[in-house]
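Visitor: Please show me the sequence and the structure, and then take me through them by question and answer.

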Amino acid sequence: MSQNFRRDLNKEFDAISGTPSPALSARVRSALEQDRPARTGPFWMAGLAAGLIAAIVVGVLVVASFNRHQTSILPGTAPTPSASPSARQSPSQSPSLTPSPSPAQTPSDSNLPAFVCAGPVSLAGTQTPAVAFVDAVRTGTHAGYDRVTIEFNNGEPANVDMSPHAGTTFTQGASGQQVTLQGSTGMLVIIHGADEHTAYSGSIDIKTGYSVLVELRQVEDFEGTVQWGLGLSKTACYRAFYLTNPVRLVIDIQNS
Amino acid sequence: MMSAVMEQRPSAIQRATEGDADSFAMLIDPLLNPAYRLAAVMLSDRMAAEDAVQEASVKAWRNLRQLRGDESSLRAWFLSIVANECRMTRRRRWWSVVKSADVESDRRTDGPSQEALTDLRRAIARLSPDERLPLVLYFYLDLPLDEVARTLRVSPSAAKSRIYRAARRLRSDLTLEEVS
């Protein structure tokens, strides 16, 4: 094999791949940490199988319902194809906010709402179940933002309120006890009409190691209200929106 | 005495198999860079590549008991999971296109062999992710042939054939003997 061929090929591969984000290692560690409870014990396989069966049944029911009632968004009538998932933000976002567009948005982010830098944000759910069951909470870091994804297995919750929080000490909803998160400032996410103990068995205290979102911790899961406190290393702009299939509440914290 | 103590101490892979996430994270940390490079070339999308590596890491963690062999087997096993995750990513994102723009990025316009490089770049862009995979493993990550074979889950001779077939699509005058 010609050394020139190998050298040229590797040069091209270098151009394609670049170098990984310095946060990749921390991101993977965080993902492993969050997955820890899910892999312990022999019940994991049974749980997965039950989940799959439930997902198939729910999927069939949803598709059947979708075809009956939502024929206007069949693939042939869908909006212009896009490389990014469609995002929906509630119109109830506070009008007094001063949106500041993200600097360095990637094309796939172009359909997402702008970041806001002050005040509360509300997201009203559509076609909400009586209680939306959280079944996964994930974090990730990307160029421009750290992301929290809260996944629901049966639809959007009734309402979500997000607001900046002074300091990183939060009062736990049911017990009244105070917890202090890592970071210098915080953000409070209140999910109304949701439950995080029926379908969710992951971590409720996630330390990410990211540049801005450093920790998130469940501070309430009681009587249909779920609250998460976010510990941030500095004040940051943020945005929240829903993605579908499956339903996910996405919270992006600007990190640049 | 010391050797007896050492023998009794569980290896990192044993600790990881018993549920120690930190041990597993330490084991795969050196593999994240090659895993990312493999995923980035397969997907032509750097952000998606990092997502794929994260997902693959979690899947590897969940299925660590399926690893046959010791730590020396870990790299090929992990990279095969990353490659599979890349395939799944492409299936999930059926609407996505191969981002040839990424392939075109970072190009340098100087140098005597620019034309040849441009041809090579175009030829790479025409390869499917599964055709790129053996090239990445063998040439870019510099894995020995038997490890390429374990990653691809084929025999060494089949791995050699795949490398050769893919490389021939980039350089038509290549001979099988040159893939040694």
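The turns below cover the model's confidence, then chain B, then a sheet in chain A.

Visitor: What kind of model is this, and what ipTM does it score?
Guide: This is a predicted model, in which local features need pLDDT of at least 70, side-chain atom pairs count only at pLDDT 80 or more, and totals for chains, interfaces and linings use all residues. Residues are numbered from 1 along each chain as its sequence is written, while chains are lettered from A and ligands numbered from 1 in the order in which they are written. The pTM is 0.50 and the ipTM is 0.80.

Visitor: What is the mean pLDDT of chain B, and where does its pLDDT stay under 50?
Guide: pLDDT is the predictor's confidence in each residue, from 0 to 100. For chain B the mean is 80, and 76% of the residues reach 70 or more. Contacts here mean C-beta atoms, placed from the backbone, within 7 Å. The pLDDT stays under 50 over residues 1–9 of chain B, with zero contacts beyond four places in sequence, and also over residues 96–112 of chain B, with 19 such contacts.

Visitor: Which element of chain A has the highest mean pLDDT?
Guide: Chain A has a mean pLDDT of 78. Where pLDDT is low, the predicted coordinates should not be read in detail. Strand 1 (residues 99–100) of chain A has the lowest mean of its elements, 36. The highest, 94, belongs to strand 13 (residues 225–232) of chain A.

Visitor: How many helices and strands does chain B have?
Guide: Helices (H or I, at least four residues) and strands (E, at least two) are DSSP runs, numbered from the N terminus. From the N terminus on, chain B runs α-α-α-α-α-α-α-α-α-α. That comes to ten helices and zero strands.

Visitor: Which residues of helix 9 of chain B are buried?
Guide: A residue is buried if 20 or more other C-beta atoms lie within 10 Å of its own, exposed if 12 or fewer, and partly exposed in between, with C-beta atoms placed from the backbone. In chain B, 38% of the 180 residues count as buried. Helix 9 of chain B is mostly covered, with six of its eight residues buried. They are B:Glu147, B:Val148, B:Ala149, B:Arg150, B:Thr151 and B:Leu152.

Visitor: Why do helix 9 and helix 10 of chain B count as roughly perpendicular?
Guide: Axes are lines fitted to C-alpha atoms, for helices over the stretch in contact, and angles run from 0 to 180 degrees between N-to-C directions. Angles under 35 degrees count as roughly parallel, over 145 as roughly antiparallel, 65 to 115 as roughly perpendicular and the rest as oblique. Helix 9 (residues 145–152) and helix 10 (residues 156–170) of chain B pack with their axes 8 Å apart, at an angle of about 90 degrees. Helix 9 and helix 10 of chain B are therefore roughly perpendicular.

Visitor: Which strands are at the edges of the open six-stranded sheet of chain A?
Guide: Two strands pair if DSSP finds at least two bridges between them. The order in this sheet is 3-6-9-13-12-11, with antiparallel pairing. Each edge strand pairs on one side only, and the two are strand 3 (121–124) and strand 11 (205–207) of chain A.

Visitor: Which residue of strand 6 of chain A stands opposite A:Ala124?
Guide: Strand 3 of chain A and strand 6 (residues 159–165) of chain A pair in the antiparallel sense over four bridges. Opposite A:Ala124 stands A:Asn159.

Methods
Two residues are in contact if their C-beta atoms, placed from the backbone, lie within 7 Å.
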